[in-house]
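Visitor: Could you take me through the nonpolar interior of this model, slowly and with the cut-offs stated?

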Amino acid sequence: MAAELSTSINIKEPCWDQGTFVGRAKHFFTVTDPRNILLSNEQLEKARQIILDYKKGVVTPGLTEDELWRAKYVFDSAFHPDTGEKMLLIGRMSAQVPMNMTITGCMMTFYRTTPAVLFWQWINQSFNAIVNYTNRSGDAPITVNQLGTAYVSATTGAVATALGLNALAKHVSPLIGRFVPFAAVAAANCINIPLMRQRELKHGIPVTDENDNRLGESSKAAQQAITQVVVSRILMASPGMAIPPFLMNSLEKKAFLKRFPWMSAPIQVGLVGFCLVFATPLCCALFPQKSSMALSRLEPELQEKIRVCHPGVETVYFNKGL
C-alpha cells in the first residue's frame, strides 16, 4: 500500500522558485495555459476541494504529489488569490491568449476607418475592464457605481486616444499607421488599470509579513502594484502588436493576399496569437506576484502601527494583481 502524501508541502507558494525570473516564467506558463479554460466546473470544484482540504491537513486518499501540484495550478487559474471566489471565465489569465489574439488581430486589421476603430477599441477596453476587475488585488468589494464610472472613463479615454492618433497617422506612411493600435493600447492601459483599481489607490491593499500575517492596508503598496501591472501589460502587448505590422506590410504586397484579401485577418490573428503564447507568461513573470516593499516606504501612520504591533518587521508583502 502506497504511503499517504505528506501534509508539509507548501502549496501557498508556487512549485518553482519565485525569486528568479525563470521560476516565475515556469509558474506563469502553467497559469496562463489556454487549455485551463476548457476545464469543466466539476474539475475546478474537485481541484478546489483538494486544495482546501490539504490546507486543513486533510489529504485526499490516493493523492500523489504531482496530482496535488496539478490541482493547485487548476485552482490558481480559476479562483482569486485574495477573495477565493471563482473568477469570470474571460477574465482569467488562461483566457488572455485566445481573447487577446482575436481582439488584437482584429484591431490591427480593421484600423483604417473611424467606425472600426470605435468598435474594436470599445471591445478591447471592455475586455480589459473585465480582466482588470477579475485580477484586482485585495479582498475589499468594489461597488457597481465605482465599476461603472471606471469603465466609462477608461473606455472614453481609450477611444479618444485611438481616434486622435489615427487622425495624426493619416499624414505619415502606412507602416507607421499600423502601429496606431499599439500606441492606443499602451495609452489605454495607463488609463484603464488605475481607474479599474482606483479603490485600491484610495483605501490601500492588504500587506502582510513573510508568514502571511496581515499587517494593514497600504495605498503606497497599491501604487507600486498597479505600476508593475501597467508595465507588464504594455510589454505583454508589444511583441504581438509590433512584429506583425512589419510582416503584414510585406505580405500584403504579395500575390497571395492580393488574390485572397480576406485571409489578412486570420493571418494577423494567428501571428498575434503566436507572439502572445510567449509574451503573456514572460511579461507576467517580470515582477514577483507576491511583491515586497521596505517598511520605510509605507505611509507614516502604518509604519508606526506595524513597529508597535509587529516589532522586527522591515519588509512587507502584497499581491500585486495581474
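Guide: What follows is a close look at the largest nonpolar core.

This is a predicted model, in which local features need pLDDT of at least 70 and side-chain atom pairs count only at pLDDT 80 or more, while totals for chains, interfaces and linings use all residues. Residues are numbered from 1 along each chain as its sequence is written, and side-chain values use heavy atoms, with hydrogens and water left out.

A nonpolar core here is a set of buried Ala, Val, Leu, Ile, Met, Phe, Trp, Tyr and Cys residues joined through side-chain atoms within 4.5 Å, where buried means under 20% relative accessible area, exposed over 50% and partly exposed in between, with a 1.4 Å probe and protein chains only. The largest such core has 28 residues, and the members that touch the most others are Leu-5, Ile-9, Ile-11, Tyr-54 and Leu-68. Two or more residues of this core come from each of the helices H1 (21–31), H2 (41–55), H3 (65–78) and H12 (264–284), helices being DSSP runs of H or I with at least four residues, numbered from the N terminus. H3 supplies the largest share, seven residues. At least three residues of the core come from each of domain 1 (21–86) and domain 2 (93–319), with bounds taken from an automatic or database domain assignment.

Leaving aside residues up to four places away in sequence, Leu-5 touches Tyr-54, Val-59, Leu-63, Thr-64, Glu-65 and Leu-68, contact meaning heavy atoms within 4.5 Å. Another core, of 14 residues, lies apart from the largest one and includes Val-207, Leu-295, Leu-302 and Phe-318.
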